[in-house]
Amino acid sequence: MSETTNEPNVIPAASCVLISGGSRGLGLAFVEEVLANGAKVAAFARTVTPELQQLMDANPERVYVGSVDITDSKAVTSFIKDAAKVLGPIDALVNNAAIGQDSLHLHTTPERIEDIISTNLTATLLVTRAFMRHAMAKVGKGRIVNVTSVCAQRGYSGLVAYSATKGGLDAATRSLAREMHGRFLVNSIAPGFFASEMSSVLGTEQLSTITRRTPTNRLVEPENITPTLRMLLFEDTNINGMVLTIDGGGSI
Ligand SMILES: NC(=O)c1ccc[n+]([C@@H]2O[C@H](COP(=O)([O-])OP(=O)(O)OC[C@H]3O[C@@H](n4cnc5c(N)ncnc54)[C@H](OP(=O)(O)O)[C@@H]3O)[C@@H](O)[C@H]2O)c1
């Protein structure tokens with residue numbers, strides 16, 4: 001972890017990070033990365049996986065986990081309070097939890113569209129608000145990273161509502177960065193497709209098409225994304241309001 005600083009307008013390196021959807025996939029890789037950089041982690045998902053539970057058991061003073069549905073905003077607020085009692089003030093947020101889509105817009109039920117928007121966009125904005133109210137009161141400054149997607153920048157069939165939520169979050173990133181006048185650094189990481197439970201709906205043919213269209217000729221892996229998270233949480237880069245795309249150049 002890089003040195004913290006009291007210099008005005010410099011946001012210190014994160015010391016305690018709230019991660020939504022930290023139970024598996026990219027979110028779990030983020031939990032491990034934050035711990036490896038010496039910071040504490042509060043992570044939640046609907047199901048606490050054995051991997052996440054193990055991290056808490058091995059680091060009871062540095063890791064707090066809970067089973068929380070992100071769409072239950074009261075439960076999220078309680079989780080933040082309970083986590084801070086154990087870990088101390090939380091000064092960074094990684095909005096990673098999301099659900100995917102694999103259906104043409106014509107065939108996606110209104111209920112499913114609402115589910116995707118309320119989980120990926122509305123709930124994420126509410127977590128951000130709850131985190132900021134906590135961090136403003138306890139620390140006064142902090143860092144926020146929204147995990148979005150290349151789907152917000154390029155068209156992908158079968159991902160209309162999902163893409164809308166990710167584009168909405170990228171737009172929120174810019175406006176929140178402007179609104180907070182540097183007290184919170186707010187950025188998006190937009191990955192290309194990587195193997196996970198979410199992307200398991202993609203067939204081999206779709207994956208090889210994406211690979212073929214990617215200049216580096218390989219799909220992104222979580223380990224390609226964690227260095228950017230590390231930079232945004234721990235380094236003094238002055239990067240603010242940006243979308244950092246990590247996709248091997250597939251979207252250029
Ligand atoms: N995989 C890709 O190709 C890809 C590409 C670009 C961007 N992304 C983005 O990367 C992030 C991580 O995706 P991933 O591929 O690692 O997905 P994943 O393996 O499906 O993991 C999603 C995480 O979010 C949690 N989650 C989902 N719904 C939730 C809810 N209602 N309340 C609380 N937690 C919830 C899941 O846990 P529970 O189900 O137990 O709640 C899990 O921990 C997402 O924002 C995704 O949109 C993924």
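**Close-ups of a ligand site and a pocket**

Let's start with the second largest pocket, where α3 (73-87) and α4 (110-138) each chip in at least two lining residues; helices here are DSSP runs of H or I, at least four residues long, numbered from the N terminus. This is a predicted model, with local features needing pLDDT of at least 70 and side-chain atom pairs counting only at pLDDT 80 or more, while totals for chains, interfaces and linings use all residues. Residues are numbered from 1 along each chain as its sequence is written, and side-chain values use heavy atoms, leaving out hydrogens and water.

**View 1. Seventeen residues line the second largest pocket**. Thr77, Ile80, Lys81, Ala130 and His134 lie nearest its centre. The largest share of the lining, nine residues, belongs to α4.

**View 2. The ligand has 28 residues around it**. A residue makes this list if one of its heavy atoms lies within 4 Å of the ligand. Coming nearest are Ser23, Arg46, Asn96, Tyr162 and Ser196.

**View 3. Here are some polar contacts of the ligand, meaning pairs of N or O atoms within 3.5 Å**. A ligand nitrogen sits 3.0 Å from a side-chain N or O atom of aspartate 69. One ligand oxygen atom is 3.0 Å from a polar backbone atom of threonine 47, and a backbone N or O atom of phenylalanine 194 is 2.9 Å from an oxygen atom of the ligand. Two elements, α1 (25-36) and α5 (160-179), give two or more residues to the shell around the ligand.

Technical notes:
Polar contact = N/O pair within 3.5 Å; in protein donor to acceptor, adjacent residues only side chain to side chain. 1 Å grid on protein atoms, 1.4 Å probe; cavity = no way out; pocket = protein on both sides within 12 Å on 5 of 7 lines; lining within 4 Å.
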